[in-house]
Structures are given as C-alpha cells and as structure tokens.
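Here is a short report on one strand and its partners, followed by some backbone outliers. Look at the sequence and the model first.

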Amino acid sequence: MNMEEKFFPPMIMERPKAEQKENQERFIETLNQVSQIESLSGQEEKMRQYIEGELERMAVQSERDAKGNIWIHSDSPEGEILLCAHMDKVGKGCSVENEGGRVKGRFDDAFGISAILEVLKNGKRPSALFTVEEECETEVANEAGEIGMKMRDLGATGFNAGANFAVGRIEDGEVRKPKMVVNVDVSAKASIGEGPLIYQSCTPFGTNTFRFPSGALKDVVRIVNKNEMGAKVIHGGANDAIEFTFAKNVGVVTVQVPVENMHSTNELADLGDMRKAIAIIELILDKHAEIKEENEIPTHAIRDNAISL
Ligand SMILES: [Zn+2]
C-alpha cells in the first residue's frame, strides 16, 4: 500500500480532483486571512467579527456569550459533537506562504478556526465553540528587538478562561451538553508531515489526573483506524480541552496538526497534515452515532480520589 492509499481512504479519494483543488485553495485563503487577523488574548474582537461574518454568509446562526466566546448551537444529529478552537494568538498575525504544500504563517489557532469553517463550508452542521483567552503567554520584544515570551496576566479566571466559562454553561444546562468535544489546535509534539495527532488532554495537576480510560477517545481511535486515516495517538498536552475534562459525561478529544517554531510568525506546517485533520473531523461527524455515551469520569473526581480506577 503506498502512502497516498494509506492516508486517503476511498471516502476522501472519491472526491473529484477539481473539487479537492478548489477546496484546498479556499482553505488556504481562509487560513491566510485568519493568520493575519490581530487577536491577542482578551482582544479578540476582530477575530470574532471575522468568524461571525463567515457564519452569516453560510446562514449559520451563532451566539456570543458574556465572556466573548462564539457558539454555534446545532440541532442537527451531528450537533451532539462540539468542535472547539481558540480565537486568541500570542502575538502579531502574518500572511501565509505556501511552498509546495509546506506552509508558513501563524497557525495557532488559525488552523483550528479555518478547519471548523471549512467543515461548515462542506455542509456539515456540528455545534461549535470559538473561545477567548486560551494562550497563557504573550510575545514581548526586548531592547534589541528580539521577541521573547512572557506569562500574561491571567486575571481572576486563570487558565483557559473562555473554555472554562463555556464548561460552566454546559454544566448549568444553559447550553446543550455535547456528547463529545473535539478540540482543534496545533502542536509542537510531533514532526510536520507525519500526520495529525489525536489525544485525550491531560490536566496541569500531574500524570495521575489523566481522565483515563476515555470512551470517546477509544471510539475515535477505532473509527480513525478503521478508515486508515494515518493519525498518531498520544497522551497529554495543555490546551482548552483540559477544561472539558472537568465536565461530567462529556467526551473529549484533541485533533492537532504538528507545527515547527510554535508561537511565532514563522510556524511551519504541512498542508497534507491539515487536510487529514479536517478529514478526521468530518469522519467523526459522519460517525457520531458510533461514539458511545459512556460515563465519562470528570478529572476532578479522580483528583479528589472520589473515584478509584
Ligand atoms: Zn493553540
């Protein structure tokens, strides 16, 4: 089996070549726009307006919550899956350059936003959440003009303030409880060009606080393997997904694309990885009924020894 066949199962290959090319160009253009938009943590208004504009064009209704997150509440069957990406960036935006499938830009989390918009443009109707304030660092330039990172003021809410607020709304029954959250982001944990990553997020409190076993993760891995999508499964990683592991009976997986030079305007990524990640997200939506509603154990229950595994 050659690499093409391994990574592109029949479902993907069957798309007419012209349509694939058109979709790819459309996706790169979206990525280029999102990569350029200024959107520091707590200052996501331009990004919010861009996303809302795109959703309006697709006649997809959205809601802004009190924290500034954007929600799509879908009542279609695949709406039980909530796709999530963060709107903030650690520094300035930049345009995207594409050289033979290797792309350079600011993909964290322009990739997640663009991927969710692409899935919607392809006619899928999941629920979605675009969060504020995921990044905990921000760029600063020293006197020589060199760019470094510093911890930003996280305020009273602390880490992942947008996602944290969103979990509160789910727990309070203000919004539909998703069967599973699919967090879409980038990662420095793997090499570019080797396919996307799928994992269950950890918590910042130590290795014994992984929410494991996760029924949702196991189901997703089974579905992805059956369709030979060429993704790696790993453990751990800190991002918005952490917050959802604190919700009861909500499955959580992260789908990430590897990048080099993470948190810079020189992030390098592979378009093939991005395409595969989008295909995996669409596959999860197509097979949403195969993801069982197991009793997902919230992370804090494990941490507090309320449940022993
Ligand atoms: Zn990110």
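Two strands count as paired if DSSP finds at least two bridges between them. The model discussed here is predicted.

**Strand β3 and its partners**

β3 covers residues 81–86. Four bridges join β3 to β9 (residues 180–187), and these strands run parallel. Within β9, Val 181 is the bridge partner of Leu 82. β3 also pairs with β6 (residues 127–131), again in the parallel sense, over five bridges. There, Leu 82 stands opposite Ser 127.

How many residues of β3 are buried? Six of its six residues are. In a regular strand, side chains alternate between the two faces of the sheet. In β3, Ile 81, Leu 83 and Ala 85 point one way. Leu 82, Cys 84 and His 86 point the other way. Residues on both sides are buried.

**Backbone outliers**

Most residues other than glycine have a negative phi, and most peptide bonds are trans. The table lists two residues with positive phi.

| Residue | Phi | Loop | C-beta neighbours inside 10 Å |
|---|---|---|---|
| Glu 133 | near 55° | between β6 and β7 (137–141) | 29 |
| Asn 249 | near 55° | between α8 (241–244) and β12 (251–258) | 14 |

Why does Glu 133 count as buried? Because it has 29 C-beta neighbours inside 10 Å, and the cut-off for buried is 20 or more. Asn 249 has 14 such neighbours, so it counts as partly exposed.

One peptide bond is also of note. The bond from Asp 108 to Asp 109 is cis, with omega near 0°. Asp 109 lies in the loop between β5 (102–105) and α5 (110–121).

Methods
Residues are numbered from 1 along each chain as its sequence is written. This is a predicted model: local features need pLDDT of at least 70, side-chain atom pairs count only at pLDDT 80 or more; totals for chains, interfaces and linings use all residues. A residue is buried if 20 or more other C-beta atoms lie within 10 Å of its own, exposed if 12 or fewer, and partly exposed in between; C-beta atoms are placed from the backbone. Helices (H or I, at least four residues) and strands (E, at least two) are DSSP runs, numbered from the N terminus.
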